[in-house]
Amino acid sequence: MANNEESRGLKSLFDWFANRRKAGVSNPERQEREIADGLWHKCPKCGVLTYTKDLTANQMVCVECGHHNRVDTDERIRQLIDQNTWKALDENLRPTDPLQFRDRKPYSDRLREMESKLGLLDAVKTGLGQINGLPIALGVMDFRFMGGSMGSVVGEKLTRLIEQATQRRYPVVIVCTSGGARMQEGMLSLMQMAKISAALERHRDARLLYIPILANPTTGGVTASFAMLGDIILAEPKATIGFAGRRVIEQTLREKLPDDFQTAEDLLKHGFVDDIVPRTQLKNTLSQLIALHQPVPTTPPMVLWETMSLSSTAVE
């Protein structure tokens with residue numbers, strides 16, 4: 001009798017510990033307390049877990065494999081622009097729905113969803129600022145907003161940015177990441193390619209610098225226009241850069257493309273890109289390039305004449 005009670009006591013004690021352990025593992029509130037959401041980041045390339053603060057400090061570049069994670073416009077501006085020097089331009093420009101376009105849902109509804117979800121009015125932010133003390137005009141595209149597609153507002157904001165830079169004699173830097181033209185705006189979207197290209201031509205006629213930075217991905221109409229019109233074209237490592245998609249090209253050519261096709265490294269090898277710059281080195285690289293291309297101050301004729309007179313007197 002005693003043995004039976006003792007065995008029942010041991011069994012109940014074992015069950016109590018087992019139930020306690022099970023309850024502790026399955027309790028979602030306890031798990032949230034132990035592991036905060038977003039505390040760690042798993043690299044999509046190599047699978048290494050990185051403390052999110054360390055990853056942010058390394059500009060969202062995996063310390064293990066060098067994979068460049070996508071960053072939003074605000075983070076990109078913080079990475080490139082000196083603190084307290086950023087002045088945003090045309091913040092209140094928002095797209096409309098002139099074609100009354102509708103697929104599975106109206107285009108106007110998609111725009112409202114993107115705005116409420118991301119807090120963005122469109123797929124680009126533009127403004128003036130400084131990189132290591134040097135003034136620039138900067139445009140940054142955001143792939144989260146409808147794939148970074150180029151609509152009327154994207155084209156208008158970039159055109160105004162370039163015109164401001166030409167007037168102020170600033171270099172222009174545009175961080176490109178886009179799926180191409182925005183189909184919901186039809187021909188109005190395609191017109192932006194010509195409009196931005198014309199503004200860049202006027203900027204070049206003024207003998208001013210333009211540097212596009214090709215991030216992952218840069219495709220479609222953006223690649224076919226302002227992304228490839230730079231005086232110096234930079235790209236991030238392993239970025240996908242091209243016009244048509246890989247599958248479309250393979251079906252058209254009826255042959256298998258190389259694994260590195262449409263990568264930044266392949267474009268560098270064929271001369272379409274001038275250099276591949278890791279994100280952690282991008283700010284210093286840009287400031288060096290801008291400093292090298294600053295206009296040389298001209299010496300006033302009178303000062304030059306006085307210098308020549310002094311030199312001739314010294315020779316005598």
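**Group meeting: Arg-94, the cysteines and a surface patch**

Okay, let's start with Arg-94: leaving aside residues up to four places away in sequence, Arg-94 touches Glu-115, Leu-121 and Val-153. Keep in mind that this is a predicted model.

So where does Arg-94 sit? You'll find Arg-94 in the loop that runs between β3 (87-89) and α5 (107-118). With 46% relative accessibility, Arg-94 counts as partly exposed. Now look at the Glu-115 contact again: the side chains of Arg-94 and Glu-115 are joined by a polar contact of 2.9 Å. And there's Asp-122, which lies 28 residues from Arg-94 along the chain, with 6.6 Å between the two C-alpha atoms.

Next, the cysteines. How many disulfides does the structure hold? The count is 0. Take Cys-46, which is in no disulfide: the nearest cysteine sulfur belongs to Cys-65, and that one is 3.6 Å away. A disulfide needs the two sulfur atoms within 2.5 Å, so a pair at 3.6 Å doesn't make the cut. Is Cys-46 buried or exposed? Somewhere in between: Cys-46 has 34% relative accessibility, so we call it partly exposed. Cys-176, on the other hand, is at 0%, so that one counts as buried.

Last stop, the surface. Leu-99, Met-187, Leu-188, Leu-190 and Met-191 together make a nonpolar patch of about 470 Å². If you want one residue to click on there, try Leu-188, which is found in helix α7, residues 187-205. Leu-188 comes out at 30% relative accessibility, so it counts as partly exposed.

That's my tour, thanks.

Methods: Residues are numbered from 1 along each chain as its sequence is written. This is a predicted model: local features need pLDDT of at least 70, side-chain atom pairs count only at pLDDT 80 or more; totals for chains, interfaces and linings use all residues. Side-chain values use heavy atoms; hydrogens and water are left out. Buried means under 20% relative accessible area, exposed over 50%, partly exposed in between (1.4 Å probe, protein chains only). Helices (H or I, at least four residues) and strands (E, at least two) are DSSP runs, numbered from the N terminus. Contact means heavy atoms within 4.5 Å. A polar contact is a pair of N or O atoms within 3.5 Å; within protein, one must be able to donate a hydrogen and the other to accept it, and residues adjacent in sequence count only if both atoms are side-chain atoms. Patches are made of residues with over 30% relative accessible area and no salt bridge: like charges are joined within 9 Å, nonpolar side chains (Val, Leu, Ile, Met, Phe, Trp, Tyr) within 5 Å. Accessible areas come from the Shrake-Rupley method with a 1.4 Å probe; for residues, only the protein chains shown count as cover. A salt bridge is a side-chain nitrogen of Lys or Arg within 4 Å of a carboxyl oxygen of Asp or Glu.
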